[in-house]
There are 2 protein chains.
Amino acid sequence: MDIIKSVVERNDKRILMIVADGLGGAPNETGKTELETARKPNLDQLAAESSLGMTAPIGPGITPGSGPAHLALFGYDPIAHEVGRGVLEALGIGFEITDKDLCVRANFCTLDRKSGRVADRRAGRIPTAENQELVARIGRQVKRIEDVEVIVRSGREHRFVLVFRGEGLSDRLTESDPQKDGREPTPIQPLATGAEKSSRVVNRFLEQAAKVLEPEPAANYFLLRGFSLAPKIVPLQERYGLNPACIAAYPMYRGLAQLVGMRILAAGDTWESEIAALEQHAAEHDFIFLHFKELDKMGEDGNFAGKVQYLEKLDALVPRIRRLGFDVLVVTGDHSTPAILKGHSWHPNPLLLWSPYVRTEGVTEFTEWACARGALGRMPATEVMPLVLANALKLKKFGA
Amino acid sequence: MDIIKSVVERNDKRILMIVADGLGGAPNETGKTELETARKPNLDQLAAESSLGMTAPIGPGITPGSGPAHLALFGYDPIAHEVGRGVLEALGIGFEITDKDLCVRANFCTLDRKSGRVADRRAGRIPTAENQELVARIGRQVKRIEDVEVIVRSGREHRFVLVFRGEGLSDRLTESDPQKDGREPTPIQPLATGAEKSSRVVNRFLEQAAKVLEPEPAANYFLLRGFSLAPKIVPLQERYGLNPACIAAYPMYRGLAQLVGMRILAAGDTWESEIAALEQHAAEHDFIFLHFKELDKMGEDGNFAGKVQYLEKLDALVPRIRRLGFDVLVVTGDHSTPAILKGHSWHPNPLLLWSPYVRTEGVTEFTEWACARGALGRMPATEVMPLVLANALKLKKFGA
């Protein structure tokens with residue numbers, strides 16, 4: 001990909017990348033996918049003026065999490081730039097990660113005092129309000145271990161996020177979560193030389209926080225897993241010469257965008273507020289990532305009809321979006337979420353690329369079927385960004 | 001591909017991979033391929049419920065042998081895991097290779113006593129019975145050289161297999177076959193350091209066996225080529241967490257299956273006995289490789305009509321196969337064998353993948369044409385296994 005950097009040049013062409021989370025599907029008992037079922041005249045018309053293709057986020061048969069799926073779409077090798085569970089959890093609650101932050105996911109649990117074993121890995125799924133109270137108490141009483149700042153942030157129910165901020169931290173640590181009730185939590189141990197300080201700091205934090213929680217009937221301890229540092233990423237500005245921004249109602253996607261250097265625009269928490277933000281800021285950036293979440297949620301819930309409805313809602317927004325005069329439009333998914341699978345899947349993602357320069361298809365529908373036969377072919381998701389930049393005339397000729 | 005190993009998880013879903021050897025073809029003077037000519041309502045119906053694609057065993061334009069073609073389908077890089085001629089020959093006569101075995105193909109030949117030159121590289125294609133008698137005689141009289149056991153096994157006519165079993169053997173040896181009559185056999189020489197012992201052992205064996213054959217009028221010597229060790233292969237159990245089995249009427253395919261760790265099921269030597277074995281063992285394994293040979297033989301013979309007949313015979317078996325309730329079905333070839341070429345070819349292989357989760361095609365035929373436009377696209381044959389595992393829900397999500 002260094003070849004891309006060598007031919008990038010800035011211009012004032014504006015790119016909009018719409019990621020409809022979990023866009024692709026699979027046929028239900030009717031024999032049709034969600035996209036094939038939805039009535040979507042605007043997307044079909046756009047498809048008729050576009051080039052279509054299919055993207056694979058990671059590789060054949062691999063079902064991606066949201067982190068790697070988005071990094072691939074932004075042009076980063078998703079295996080080389082792994083986004084760990086702790087980092088993703090921190091991004092998911094809107095925490096702004098720095099390059100000095102060791103993140104880890106924490107679960108309140110119930111420890112049997114006599115045996116020292118985990119009686120309930122989720123502390124009876126304590127209410128979020130109780131979580132917030134306990135997290136605040138820990139935060140007040142344990143602020144620093146050695147020269148490392150400790151930041152504690154509540155999630156939902158029994159979940160929270162720990163961030164250790166300091167110099168020379170490593171994520172090569174064992175986890176304390178024994179994975180099953182009835183076992184003792186395991187102390188954190190270094191998995192590599194250079195991880196000793198991190199291990200020591202985390203264990204000392206565990207001791208001190210345990211004292212804070214000792215009086216609690218349910219949430220008297222917590223388990224740690226997914227130690228991770230933010231992946232080292234060359235931001236989009238530097239990599240592609242872009243001035244990029246993100247419009248996303250959900251914190252995790254804003255967090256992923258922030259990792260690659262995007263400006264985060266205030267977008268509210270509905271599709272309507274996202275579109276309003278887009279209309280407001282469309283002229284200010286040469287690359288905008290616009291994220292729509294709900295299709296994925298419907299897929300995860302196994303709600304085929306609900307996903308169809310959101311596809312039709314997306315379709316209804318297309319005329320407003322087209323009116324904003326972007327030079328390049330992309331409509332795609334980060335991964336597929338077929339309602340029949342109730343989760344992310346390995347299926348490749350429909351890709352629609354519109355610009356004044358695309359070779360059109362002769363098809364008049366935006367479906368998995370049409371995209372599978374599309375002129376863009378099948379490609380790794382990491383190839384989308386170069387194609388998009390080319391269609392925005394942001395890549396010079398290579399070689400003489 | 002290590003990423004696959006990191007996401008594999010076992011479940012009770014059952015996969016059937018049907019390899020119709022030499023499945024793909026090319027048009028004859030009618031303008032139609034063998035698949036386009038055959039009447040095959042059951043395969044066409046299965047195609048209508050499946051995703052289709054095309055696989056390339058090795059690379060563009062490369063015609064594969066059976067060894068690399070099958071290894072690719074089983075998910076192994078066929079170039080990194082080369083199956084040498086000696087190994088393939090040993091597998092072809094049903095010999096069970098171990099990781100201490102140096103295999104080589106041997107041909108009885110006639111040596112002119114006065115000149116020491118090869119008078120006939122095939123010893124007049126002596127009858128197989130004579131071959132068996134001579135091989136038994138060598139086997140009785142030369143059993144061991146230094147600490148290396150020597151195993152001799154008859155093939156057909158003038159061909160036999162030699163296996164040197166011991167520690168520290170190398171296949172980096174020159175061959176003794178001068179390739180043309182009228183030349184002297186060349187002594188075996190090491191091609192790398194570490195191959196000296198192998199070279200010495202083979203040359204001493206040649207001396208001793210030559211004495212045994214001295215009285216023979218025709219087969220008074222033999223030539224060696226294709227020294228090879230079994231490729232180092234991580235078995236399917238370990239690689240994909242499978243409990244795999246093989247049903248194949250021909251020894252070579254059983255041998256290839258054994259190399260990758262499959263249990264070899266007794267399958268008789270007809271399609272009918274293979275299907276009977278499948279019906280008997282379908283529930284015992286989560287992966288069954290079912291091999292049908294005769295299409296390839298018809299192709300090799302240039303027998304277009306014969307290949308069409310076997311395609312129709314395959315079609316007739318489909319309902320019995322579907323009744324066995326596999327969760328994932330694959331129908332493909334290892335390589336193409338167009339009758340008009342009378343041999344293996346470089347053409348990619350039709351691939352049919354059925355599971356409850358595939359995106360269907362809207363096509364109702366299983367032909368090269370339909371597969372070339374299939375939703376799975378064109379892929380290296382090594383990508384079939386990850387796709388198949390995904391469709392059996394045997395791969396967890398990658399990344400958070």
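Me: Are Tyr221(A) and Phe222(A) buried or exposed?
Reply: This is a predicted model, so keep that in mind throughout. The cut-off for buried is under 20% relative accessible area. Tyr221(A) falls in that class, and Phe222(A) does too. So the word for both, given that cut-off, is buried.

Me: How is the aromatic pair of Tyr221(A) and Phe222(A) arranged?
Reply: A pair of rings is described by the distance of the centres and the angle of the planes. Here the centres are 5.8 Å apart and the planes make 20°. Planes under 30 degrees apart count as stacked. So with 20° between its planes, this pair is stacked.

Me: Which residues do ring pairs link into a cluster with Tyr221(A) and Phe222(A)?
Reply: Over all chains there are 17 aromatic pairs. Some of the ring pairs connect Tyr221(A) and Phe222(A) to further rings in one cluster. The other members are Phe108(A), Phe160(A), Phe164(A) and Phe205(A).

Me: What charged end sits over the ring of Tyr76(A)?
Reply: Chain B has an arginine over a tyrosine face, with Arg239(B) at 4.7 Å from the ring centre of Tyr76(B). In chain A, the distance to the centre of the Tyr76(A) ring is 4.7 Å. The residue there is Arg239(A).

Me: In what order do the 8 strands of the open sheet in chain A run?
Reply: The pairing in this sheet is mixed. Its edges are S11 (263-264) and S15 (377-380) of chain A, each with a partner on one side only. Helix H3 (residues 41-48) of chain A packs on the sheet, touching S2, S13 and S14, and its direction is at about 65° to that of S14(A). From one edge to the other, the order is S11-S10-S12-S1-S13-S14-S2-S15.

Me: How many bridges join S10(A) to S12(A)?
Reply: Strands of a sheet pair through backbone hydrogen bonds, either parallel or antiparallel. S10 (residues 244-248) of chain A pairs with S11(A) in the parallel sense over 2 bridges, with Cys246(A) opposite Ile264(A) and Ala245(A) opposite Arg263(A). Towards S12 (residues 287-292) of chain A the strands also run parallel, and Pro244(A) stands opposite Phe287(A). The count of bridges between S10(A) and S12(A) is 5.

Me: Which residues of S10(A) point the other way from Pro244(A), Cys246(A) and Ala248(A)?
Reply: In a regular strand the side chains alternate between the two faces of the sheet. S10(A) is mostly covered, with 5 of its 5 residues buried. Pro244(A), Cys246(A) and Ala248(A) point one way. Those pointing the other way are Ala245(A) and Ile247(A).

Me: Which elements do the buried residues of H9(A) pack against?
Reply: Helix H9 (residues 251-259) of chain A has Tyr253(A), Gly255(A), Leu256(A), Ala257(A) and Leu259(A) buried. Just past the helix, Gly261(A) takes a positive phi of about 95°. The buried residues of H9(A) pack against H4, H5, S10, S11 and S12 of chain A.

Me: How many residues apart in sequence are the parts tied together by Glu167(A) and Lys100(A)?
Reply: These two form a salt bridge, with the closest N and O atoms 3.0 Å apart. Glu167(A) lies in the loop between S8 and H7 of chain A and Lys100(A) in the loop between H5 and S4, so the pair ties together parts that are distant by 67 residues.

Me: Is Arg320(A) buried or partly exposed?
Reply: Arg320(A) and Glu279(A) meet in a salt bridge at 3.0 Å, N to O. The pair links H12 and H10 of chain A, 41 residues apart. Glu279(A) has 34% relative accessibility and is partly exposed. At a relative accessible area of 22%, Arg320(A) is partly exposed.

Me: Is Arg137(B) buried or exposed?
Reply: The side chains of Glu216(B) and Arg137(B) meet in a salt bridge at 3.1 Å, N to O. Glu216(B) is in the loop between H7 and S8 of chain B and Arg137(B) in H6, 79 residues apart. Glu216(B), at 12% relative accessibility, counts as buried. With 17%, Arg137(B) is likewise buried.

Me: Which residues do salt bridges that share partners join into one network?
Reply: The structure has 38 salt bridges over all chains. Where they share partners, they can be followed from residue to residue, and one such network is made up of Arg121(A), Asp177(A) and Arg225(A).

Terms used. Residues are numbered from 1 along each chain as its sequence is written. Chains are lettered from A and ligands numbered from 1 in the order in which they are written. This is a predicted model: local features need pLDDT of at least 70, side-chain atom pairs count only at pLDDT 80 or more; totals for chains, interfaces and linings use all residues. Side-chain values use heavy atoms; hydrogens and water are left out. Two strands pair if DSSP finds at least two bridges between them. Helices (H or I, at least four residues) and strands (E, at least two) are DSSP runs, numbered from the N terminus. Contact means heavy atoms within 4.5 Å. Axes are lines fitted to C-alpha atoms, for helices over the stretch in contact, and angles run from 0 to 180 degrees between N-to-C directions. Rings of Phe, Tyr and Trp (its six-membered ring) pair if their centres lie within 6.5 Å; planes under 30 degrees apart count as stacked, over 60 as edge-to-face and the rest as tilted. Buried means under 20% relative accessible area, exposed over 50%, partly exposed in between (1.4 Å probe, protein chains only). A charge sits over a ring if NZ of Lys or CZ of Arg is within 6 Å of the ring centre and within 35 degrees of the ring normal. A salt bridge is a side-chain nitrogen of Lys or Arg within 4 Å of a carboxyl oxygen of Asp or Glu.
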